[in-house]
Amino acid sequence: MTIKVALAGAGAFGIKHLDGIKNIDGVEVVSLISRDLAKTQEVADKYGIKHVTTDLADSLAIKEVDAVILCTPTQMHASQTIACLEAGKHVQVEIPLCDVLADGEKVIALQKQSGLVAMCGHTRRFNPSHQYVHKKITAGEFNIQQMDVQTYFFRRTNMNALGQARSWTDHLLWHHAAHTVDLFAYQAGSPIVKANAIQGPIHPTLGIAMDMSIQLKAANGAICTLSLSFNNDGPLGTFFRYIGDSATYIARYDDLVNGKEEKIDVSKVDVSMNGIELQDREFFAAIREGREPNASVAQVLPCYQVLHDLELQLNAS
């Protein structure tokens with residue numbers, strides 16, 4: 001059976017999914033949704049997608065659509081995920097699941113009621129570099145003592161990863177911190193029991209903090225220090241240092257080195273070196289096999305509970 005997919009959001013991240021899906025057998029993107037019809041049509045023509053629209057409801061009304069991938073602005077994620085589930089479609093929503101905890105809880109309740117596959121794009125669970133470390137942990141060969149993570153961008157204006165103007169505002173806490181908060185608990189194999197945060201000044205026009213520092217502690221004693229900035233004029237992205245009982249690893253997207261900067265070959269960890277592709281493969285496999293996917297909405301909800309608590313803490317201070 002070919003899984004027929006609608007993809008919402010033809011921007012930088014939507015294109016990453018389209019490139020990944022090209023490598024996956026038995027999957028066809030049949031509908032593309034984005035706010036600018038002309039630009040959406042350009043992308044659709046490039047990838048051979050027959051149906052384009054500016055309204056998600058149009059795609060949800062297509063009977064042959066089995067599943068939806070949402071690469072839309074953060075503020076739309078929870079409501080659009082709910083719309084997909086109500087339409088009887090499996091759904092993968094890009095990170096974050098929500099920017100209000102109560103909305104995420106509504107998604108989880110509806111997923112349980114529907115029995116459909118609902119997954120959130122916590123890509124770090126799928127990057128070969130982090131998979132390598134996870135396999136060491138599950139084999140009992142490595143245990144995390146501390147994670148030190150830097151998430152740095154240079155985004156003093158509202159631009160996306162392609163340097164194009166955004167119609168929405170990104171967020172260090174609800175978007176970028178979500179990757180690390182979830183990954184830390186996932187890799188530690190232990191829930192987060194303590195979390196602290198401080199932030200820098202609020203940007204006068206964007207209305208968000210441009211710098212943030214977060215500390216986390218898991219129930220098993222592992223700790224994590226996370227530094228985030230939209231002010232960093234230098235290498236962009238997130239860099240993870242795993243300090244453990246038997247080794248140190250530094251992960252940079254799909255690359256991995258040890259504490260001495262010696263490269264570790266992760267090319268055989270999975271069938272691809274592309275974390276987005278591997279994430280999509282898990283989504284489609286879960287649909288075919290009728291099972292809960294890794295990074296299901298239920299599995300990642302504790303991350304958003306931590307973010308909610310941190311937001312309350314930041315607002316109070």
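Visitor: Which order do the strands of the open sheet of 8 strands follow?

Guide: Please keep in mind that this is a predicted model. To read a sheet, go from strand to neighbouring strand rather than along the chain. Here the order is β8-β9-β10-β7-β11-β12-β13-β14, and the pairing is mixed. At the edges stand β8 (192-199) and β14, each of which pairs on one side only.

Visitor: How many bridges join β12 and β13, and in which sense do they pair?

Guide: A pair of strands is read by its sense and its bridges. β12 and β13 are antiparallel, with 4 bridges. For one place to look, find A251, which stands opposite L256 in β13.

Visitor: Which helices lie across strands of this sheet?

Guide: Let me take two, one at a time. Helix α6 (residues 128-138) lies across β7 (144-152), β11 (237-244), β12, β13 and β14, and its direction is at about 150 degrees to β12. Helix α7 lies across β7, β8, β9 (211-218), β10 (223-229) and β11, running at about 20 degrees to β9.

Visitor: What is the order of the open sheet of 6 strands?

Guide: That one reads β3-β2-β1-β4-β5-β6, with parallel pairing. β3 (51-53) and β6 (118-121) each have a single partner strand, so one side of each is left without a neighbour in the sheet. From one strand to the next, the twist averages 20 degrees.

Visitor: Where does helix α8 lie?

Guide: α8 (residues 275-289) lies across β1 (3-8), β2 (27-33), β4 (67-70), β5 and β6. Its direction is at about 160 degrees to β5.

Visitor: How do I follow β5 into β6, and over how many bridges do they pair?

Guide: Strand β5 (residues 90-94) pairs with β6 in the parallel sense over 4 bridges. V93 stands opposite C120 in β6, and E94 has G121 as its bridge partner there. Between the two strands the chain passes through α5, and this β-α-β crossover is right-handed.

Visitor: Are the faces of β6 covered or uncovered?

Guide: Both are covered. A118 and C120 are buried on one side, while M119 and G121 are buried on the other.

Visitor: What can I check about the length of helix α5?

Guide: Compare the expected span with the distance between the ends. At 1.5 Å a residue, the 14 residues of α5 (residues 101-114) should span 20 Å, and the end C-alpha atoms are indeed 20 Å apart.

Visitor: Which residues of α5 are buried?

Guide: A general idea helps first: an α-helix has 3.6 residues a turn, so residues three or four places apart point the same way. In α5 the buried residues are L101, G104, V107, I108, L110 and Q111. These pack against α4 (77-86), β6, α7 (172-188) and α9 (297-316). After the helix comes G115, with a positive phi near 75 degrees.

Visitor: Which peptide bond is cis?

Guide: The general idea is that most residues other than glycine have a negative phi, and most peptide bonds are trans. Here the bond from I95 to P96 is cis, with omega near 0 degrees. You will find P96 in the loop between β5 and α5.

Visitor: What is the phi of Y253, and what is the phi of E261?

Guide: Y253 is not a glycine, yet its phi is positive, about 55 degrees. This residue sits in the loop between β12 (248-252) and β13 (255-258). For E261, phi is also positive, near 65 degrees, and its loop lies between β13 and β14 (263-264).

Visitor: How exposed are Y253 and E261?

Guide: Partly exposed describes a relative accessible area between 20% and 50%. Y253 has 36%, so it is partly exposed. E261 has 44% and is therefore partly exposed as well. By contrast, K50, in the loop between α2 (37-47) and β3, counts as exposed at 78%.

Visitor: Which residues have the most contacts inside the largest nonpolar core?

Guide: They are I214, Y242, F284 and Y304, in a core of 102 residues. Take I214 as a place to start: leaving aside residues up to four places away in sequence, I214 touches L173, A177, N196, A197, C224, T225, L226, L228 and L310.

Methods:
Residues numbered from 1 in each chain as written. Predicted model: local features only at pLDDT ≥ 70, side-chain atom pairs only at ≥ 80, totals over all residues. Heavy atoms only, no water. Core = buried A, V, L, I, M, F, W, Y, C linked by side-chain atoms within 4.5 Å. Buried < 20%, exposed > 50% of the residue type's maximum accessible area, 1.4 Å probe, protein only. Contact = heavy atoms within 4.5 Å. Pairing = 2+ DSSP bridges. Axes fitted to C-alpha atoms, helices over the stretch in contact; angles between N-to-C directions. Expected span 1.5 Å × (residues − 1). Right-handed = clockwise from strand over helix to strand, strands pointing away.
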